[in-house]
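Here is a short briefing to read alongside the structure. Keep the 3D view open, and we will walk through the open space first and then the helix contacts.

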Amino acid sequence: LATVRVPVLKQHDELSELSLLFNDMLDRMQRYIEQQQQFVEDVSHELRTPVAIIQGHLDLLNRWGKDDPEVLAESIAASLQEIKRMKSLVQEMLDLSRAEQVEIQFGQEKTDAREVGLQVFNNFQMIHPEFSFVLDNDLKHKTIVKMYRNHLEQVLIILMDNAVKYSQERKEVHMTISKNSRYVEIVVQDFGEGISQDNLDKVFNRFYRVDKARSRDKGGNGLGLSIARRLIEGYHGKLSVESVIGQGSVFRISLPLSSEQEESQTIKDTEK
Ligand code: ADP
């Protein structure tokens, strides 16, 4: 693409403006192509490991495992595990690619962010009885954002899931829900292993994992946070992180409130 760039003209007229615009467009296309190439490379890399593991097990069975019920059972279980991993990888890649399409439907559905937060919180409390979950929720009313409910739920699950995955010692996760005049904020905090300053920006990159082996062991593939950020930004929100290694991490979602708040509708005490 570099070869079709047009020379930048010195005069300040429409033609030179057009040539700048044209070159800028080429640069963007170039960047887009590079990103796509990188994506294909990353995906191939990620799929190679499970494929190699399955191949290894089939080889093993082929050579002597067929008659040994123990080897047979083990290889089948390991292969199924890898296939499960590939399936979820492919699903997440689809999610990501959908989220990256310019025309993605960032739906204008009215969603009660407070209610979604509480629901995800309760679900995690149920699934992980070994953890202590602490909720700090100031909001008594519906808190409407304009986004697909599923998208917000997906982001919260990614953050809560990570908080649990990366907390070995102190098994405690806090969720805080609050708002100001323009934004609703949902914060997920853990007291786990934390992320070093060097890695802090990179965790939102696709396939980036601080510790590949460890994340893989926990079923991770490094796509969760990139999907989460893409979704939140698609709704003009922000997803940020602060973390101290060895002390834990704080992930903060902030989403613009819809102008159509239904303040009058008080939530029943039992639902709080
Ligand atoms: P993964 O599937 O590996 O969890 P993510 O995109 O969700 O992928 O996260 C990328 C990486 O960021 C993880 O592999 C992990 O190293 C780091 N990370 C994410 N959340 C946390 C957390 N709450 N505490 C510590 N590290 C985290």
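Helix H2 (69-100), H4, helix H6 (212-217), helix H7 (224-234) and strand S7 (248-256) each contribute at least two residues to the lining of the largest pocket. Please bear in mind that this is a predicted model. The points below cover that pocket, a cavity, and two places where H4 meets another helix.

**The largest pocket**

- The space in the largest pocket comes to about 990 Å³.
- The pocket is lined by 40 residues, and the closest to its centre are Asn162, Lys165, Tyr166, Gly220 and Asn221.
- By class, its lining has 13 nonpolar, 15 polar and 12 charged residues.

**The enclosed space**

- Rolling a probe the size of a water molecule over the atoms shows where empty space is left.
- The count here is one cavity of 30 Å³ or more.
- The largest cavity has a volume of about 50 Å³.
- Its lining is made up of Glu46, Pro50, Arg85, Leu89, Arg209, Arg216, Gly220 and Asn221.
- Helix H1 (14-63) and H2 each supply at least two of these lining residues.
- Sorted by class, the cavity lining has four charged, two polar and two nonpolar residues.
- Gly220 and Asn221 line the cavity, and both are also among the residues closest to the centre of the largest pocket.

**Where H3 meets H4**

- Helix H3 (residues 113-127) and helix H4 (residues 149-165) have axes that come within 10 Å and cross at roughly 40°.
- That angle makes H3 oblique to H4.
- The crossing of H3 with H4 is right-handed.
- On the H3 side, the contact uses Ala113, Glu115, Val116, Gly117, Gln119, Val120, Phe121 and Phe124.
- On the H4 side, their partners are Arg149, Leu152, Glu153, Leu156, Ile157, Met160, Asp161 and Val164.
- The residues of this contact divide into 10 nonpolar, two polar and four charged.

**Where H4 meets H7**

- The axes of H4 and H7 come within 9 Å, with a crossing angle of roughly 145°.
- H4 and H7 cross in a left-handed sense.
- H4 brings His151, Gln154, Val155, Ile158, Leu159 and Asn162 to this contact.
- H7 answers with Gly224, Leu225, Ile227, Ala228, Leu231 and Ile232.
- Eight nonpolar and four polar residues make up the contact of H4 with H7, with no charged residues.
- Asn162 is worth finding in your viewer: this H4 residue takes part in the contact with H7, and Asn162 is also among the residues closest to the centre of the largest pocket.

Terms used: Residues are numbered from 1 along each chain as its sequence is written. This is a predicted model: local features need pLDDT of at least 70, side-chain atom pairs count only at pLDDT 80 or more; totals for chains, interfaces and linings use all residues. Side-chain values use heavy atoms; hydrogens and water are left out. Axes are lines fitted to C-alpha atoms, for helices over the stretch in contact, and angles run from 0 to 180 degrees between N-to-C directions. Helices (H or I, at least four residues) and strands (E, at least two) are DSSP runs, numbered from the N terminus. Angles under 35 degrees count as roughly parallel, over 145 as roughly antiparallel, 65 to 115 as roughly perpendicular and the rest as oblique. A crossing is left-handed if the near helix is turned anticlockwise from the far one by less than a right angle, and right-handed if clockwise. Contact means heavy atoms within 4.5 Å. Ala, Val, Leu, Ile, Met, Phe, Trp, Tyr, Cys and Pro count as nonpolar, Asp, Glu, Lys and Arg as charged, and the others, Gly among them, as polar. On a 1 Å grid over the protein atoms alone, a cavity is a set of points where a 1.4 Å probe fits but cannot get out, and a pocket is an open set with protein on both sides within 12 Å along at least five of seven lines; lining residues have an atom within 4 Å of a point. Grid points are joined across faces, edges and corners, and a volume is the space filled by probe spheres set on the points.
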